[in-house]
Amino acid sequence: MSDSEIVLGQSLDLSGPLAAMAPDIVNATQVFFDAVNAQGGIQGRRVRLVTLDDGYKPDNTVKNVERMIAETDVFALCNLTGTANVAAILPRLAQESPPVPLIAPFTGAGLLREPALDHVFHLRASYGDEVDKLVEHLTTIGVPRISVLWTANAFGKDGLEGARQAMGKRGQKLHSDASLQADSSDVQQAVAKLAATEPDSIIMITAGAPTVSFIKAYRQINRGTRFYTLSVMGTQATLRALGEDGVGVVVTSVVPFPWSQGLPLAREYRRALEKAGMQRHVSFLGLEAYMNAKVIAEGLRRAGRDLTRTRFVQALESLRHFDIGGFTVDYGKGVRQGSRFVDLTIIGKGEKFTR
């Protein structure tokens with residue numbers, strides 16, 4: 001940070017299994033801060049985004065964060081993606097005095113939220129919240145055999161445990177489960193293992209390319225099973241990759257419907273993309289990144305011209321019942337999760353999300 005500039009850092013998967021998620025995140029964030037900078041920045045400082053590729057590998061995330069701290073004088077981090085990736089960099093952030101703030105990472109893992117860390121602010125609901133919503137829906141409509149496909153990493157294990165807990169509190173057990181490597185190398189084995197148990201529905205604790213690979217492979221042997229995926233799948237790239245195999249897939253969302261005509265936040269987001277010539281890239285993840293940027297900007301404004309990391313954290317903490325356009329973000333003393341909103345959407349024909 002300098003007298004004229006605030007540097008925000010992002011380490012994202014631009015080349016690995018979650019690469020399809022990155023453009024929506026990067027573009028929405030850049031569009032928002034471009035508009036802020038065009039209006040003179042925040043307290044007279046322009047906001048500059050530094051984005052580095054980690055390929056969804058935690059070691060690379062650590063290297064990227066080290067580089068941003070050493071070379072760019074990064075003030076805070078945002079939009080980091082991946083449970084293991086975020087977990088890997090937390091010790092490094094804490095080494096700085098005061099710690100480097102991390103705002104709105106794209107992970108819902110409970111292990112990153114409890115106990116709460118003063119310098120880490122989550123906006124999205126947790127994976128536990130998302131899975132609980134799916135289990136609530138499935139048990140309410142009386143689906144008998146509910147199985148789980150989970151990625152063989154910290155993200156998948158966290159989601160699997162959440163599913164077990166959600167079933168348990170309703171007096172039920174999972175029908176079956178299977179793991180899947182993040183590179184999809186064992187997709188046929190995972191398909192065979194779950195298909196042998198004949199589930200009625202499969203909750204997928206997966207993200208990016210492995211989700212697409214599994215659904216397409218499973219559809220070849222059984223087209224009756226219903227698939228339920230988490231919010232990380234809410235991208236237009238996913239819809240295009242799934243094609244007709246995506247019709248009927250239910251996706252959780254941790255933000256409002258981006259195509260809503262009645263929500264001011266959604267209209268603002270779409271207008272911002274349209275102004276940048278990106279109107280075809282409206283998505284749930286894009287709206288989430290746009291919301292993240294709005295929260296960061298408000299925190300920077302409230303921190304004032306005498307900006308420090310400590311003042312920024314205190315400013316974010318002051319966002320009580322903060323309205324960002326019809327959606328409320330609520331932090332507070334010791335409260336580091338701004339929302340528990342979860343909704344369900346479905347992929348319809350024509351590669352579109354519907355409600």
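Q: How do you know that the span of helix 4 (residues 127-140) agrees with what is expected at 1.5 Å a residue?
A: A helix is a DSSP run of H or I of at least four residues, and a strand a run of E of at least two, both numbered from the N terminus. The expected span is 1.5 Å times one less than the number of residues, so the 14 residues of helix 4 should span 20 Å, and its end C-alpha atoms are indeed 20 Å apart. This is a predicted model, in which local features need pLDDT of at least 70. Residues are numbered from 1 along each chain as its sequence is written.

Q: Why is Ala192 called partly exposed?
A: Buried means under 20% relative accessible area, exposed over 50%, and partly exposed in between, with a 1.4 Å probe and protein chains only. Ala192, which lies in helix 6 (residues 187-195), has 46% relative accessibility and therefore counts as partly exposed.

Q: Which residues of helix 4 are buried?
A: The buried residues of helix 4 are Tyr127, Asp129, Glu130, Val131, Asp132, Leu134, Val135, Leu138 and Thr139.

Q: What makes strand 3 (residues 76-78) and strand 4 (residues 102-103) a pair?
A: Two strands pair if DSSP finds at least two bridges between them; two bridges join strand 3 to strand 4, which run parallel, and Cys78 stands opposite Ile103 in strand 4.

Q: What makes strand 2 (46-53) and strand 5 (120-121) the edge strands?
A: In the open sheet of five strands, the order is 2-1-3-4-5, with parallel pairing, and strand 2 and strand 5 each pair on one side only.

How values were computed
This is a predicted model: local features need pLDDT of at least 70, side-chain atom pairs count only at pLDDT 80 or more; totals for chains, interfaces and linings use all residues. Side-chain values use heavy atoms; hydrogens and water are left out.
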